[in-house]
Amino acid sequence: MFNNGIVQPLWYNGPSPGQFYNFPGYANNGNMKQCHETNNSDSTRSTAMITTGSSVLGIKFDQGVLIAADTLVSYGSLSRFQNIDRIFKINDNIIMGGGGDFADIQSIMRSIDQKMIEDQCYADNIAMRPKALATWMTRVLYNRRSRMNPLFIDVVIGGIDENNEPYLANVDLRGRAFSDYVVSTGFARHLALPLVREKKPADRDFTLEEASELIRQCMEVLYYRDTKNSSQYTVGVCKVKDSTSNQCDVEGPFQVDEKWSFAKMVKGY
Amino acid sequence: MSFLSIDHFSDYKVHGAQRPDFSPYESNGGSIVAIAGDDFAVIAADTRLSSGYSIHSRTQTKLFQLSPLTVLGSTGCWCDTLSLTSLMRVRMQMYEHTHLRTMTTDAVAQMLSITMYNRRFFPYYVSNILAGIDKNGKGVVFSYDPIGHCENAKCRAGGTAGPLLQPVLDNQIQLKNMNLDEKDKPILTKERAVSVASDTFISAAERDIYTGDFVEIKIITKDGIESMTINLRKD
């Protein structure tokens, strides 16, 4: 606005005096791709996502569900916020893990928190169940995608349903939803999901011990192989307490026990 | 001050908020086969939900029982399938409350066509096949295109392996190119329909990466719906 051609840029790639810094997703010329080209950026991140959370992994066991995610929220390839909990306790029946654009996660969490306040205001001892929340999420996300203005998120919703059975589901940015004994988002879909499926006994559910050991192993694999993962993670646990009540907690942060002794053996890079 | 709009403050406009590079559609794979007999209908669908090379779930049913005599099979963009089937359920419930009876399969078939055409210019990206017993007690199959064209058929294959399976059904169920006299043509039995349906899926799982894991078969008769599951390749 104030750049009349006389004022020189203050520093390389920085804003001119009176102008703003060139944030990701913000283009002066209105074209994201050109914005990238003029920045000589060789990153191929999506132009739509700005602050992003990486994978979420959820595993169902005989008495409940576990959902895990690391505590990193990235800004492009910068590990910008390193201590953010991406697992949320919704109520005593539901936990949720969120991946994708973290601003969109925070936005949907504000709506969910408001829903839970309304739910509590009835004071009828009936709390929302995970399937109801997952279905509501599909409607919100589907309507946003139909207006071509999606929330760039991929969430895992788990908890205990009205029959005291564990429930675990995934809802993505288009409103695609499904329920399974293991669901994941992001890189965990490629790295962690096969590890969990491999260990699944055909005739029974996982036990809590098996599920938490799998979570530990998978978070370790994700930390080693996904560049946008940190070594710190939190785990949401939702389990049946007794016939009338359930318990949800977000535990951690836990630390991946890193073993780098093999690093000196690696040659050829 | 009405002349001051966001257009006058270009610095504050967040470009890309509309996210023009986003695609609202995704193919989640899956196949359906439906066969109509004299007094029964058989409909089968695999249970794999995938996108690209990822398998999201191996146990996702694609058959939706809309009434005691009507089953809808739906594949394609799974989020559209979810929306369409729940909208169908709502409208069928409204019909039931208004007219105090369950919708017939023919009425559901017509309504599905209209519901789909309502989104003519932003279609539900789904391949639908409706199977059931009509008001005369006969087995019927209706197939649809994504914008709501409806066709009554004797047998139909749809979804990712649809083009692979349809010629097999034409030959084995409708006995096309068999050079049989009318009197030599056998009457289609339930057992024959089920075995052809399961065989087509076993073959499709060999060649189509989006079809596999399990095939769920529903046999619809006036007395109710019988359900069975058969294993398919899981790779």
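**Exercise 1. Confidence**

What pLDDT does chain B average, and what share of the residues score at least 70?

*Solution.* Start with the status of the model: it is predicted. Chain B averages a pLDDT of 91. In that chain, 91% of the residues score at least 70. Next, take the complex. The predictor gives an ipTM of 0.86 and a pTM of 0.83.

**Exercise 2. The setting of D172(A)**

Place D172(A) in chain A, classify D172(A) as buried or exposed, and list what D172(A) touches.

*Solution.* Step one: location. D172(A) sits in the loop between strand 9 (166–171) and strand 10 (177–179) of chain A. Step two: accessibility. The relative accessible area is 3%. The cut-off for buried is under 20%, so D172(A) is buried. Step three: polar partner. A polar atom of the D172(A) side chain lies 3.0 Å from the backbone nitrogen of R176(A). Step four: contacts. Leaving out residues up to four places away in sequence, D172(A) touches L141(A), I153(A) and D154(A), plus E26(B) from chain B.

**Exercise 3. Salt bridges in chain B**

Find the salt-bridge partners of K62(B) and R58(B), and state how far apart in sequence each pair is.

*Solution.* Begin with the principle. Side chains of opposite charge can pair when their charged atoms come close.

- K62(B) pairs with D46(B), with 3.6 Å between the closest N and O atoms. K62(B) is in the loop between strand 4 (54–57) and strand 5 (63–67), whereas D46(B) is in strand 2 (residues 40–46). The two are 16 residues apart. K62(B) is buried at 1% relative accessibility, and D46(B) is buried at 0%.
- R58(B) pairs with D213(B) at 2.9 Å, N to O. R58(B) lies in the loop between strand 4 and strand 5, and D213(B) in the loop between helix 4 (190–207) and strand 11 (214–221), so the bridge ties together parts 155 residues apart in sequence. R58(B) is partly exposed at 23%. D213(B) is buried at 0%.

Now add K218(B) and E216(B). Their closest N and O atoms are 3.9 Å apart, and they form a salt bridge. Both residues are buried. Over all chains, the count comes to 23 salt bridges.

**Exercise 4. Chain A: charged network and nonpolar patch**

Name the residues of the salt-bridge network, then those of the nonpolar surface patch.

*Solution.* The network links E213(A), R216(A), E220(A), D257(A) and K259(A). The patch consists of W260(A), F262(A), M265(A), V266(A) and Y269(A). Together these patch residues have about 670 Å² of accessible area. Check one member: Y269(A) lies in the segment after strand 13 (246–255). Y269(A) has 90% relative accessibility, so Y269(A) counts as exposed.

Definitions and conventions
Residues numbered from 1 in each chain as written. Chains lettered and ligands numbered in written order. Predicted model: local features only at pLDDT ≥ 70, side-chain atom pairs only at ≥ 80, totals over all residues. Heavy atoms only, no water. Helix = DSSP H or I, 4+ residues; strand = E, 2+ residues; numbered from the N terminus. Buried < 20%, exposed > 50% of the residue type's maximum accessible area, 1.4 Å probe, protein only. Polar contact = N/O pair within 3.5 Å; in protein donor to acceptor, adjacent residues only side chain to side chain. Contact = heavy atoms within 4.5 Å. pLDDT = per-residue confidence, 0-100. Patch = residues over 30% accessible without salt bridge, like charges linked within 9 Å, V, L, I, M, F, W, Y side chains within 5 Å. Areas by Shrake-Rupley, 256 points an atom, 1.4 Å probe, with all protein chains shown as cover. Salt bridge = Lys/Arg side-chain N within 4 Å of Asp/Glu carboxyl O.
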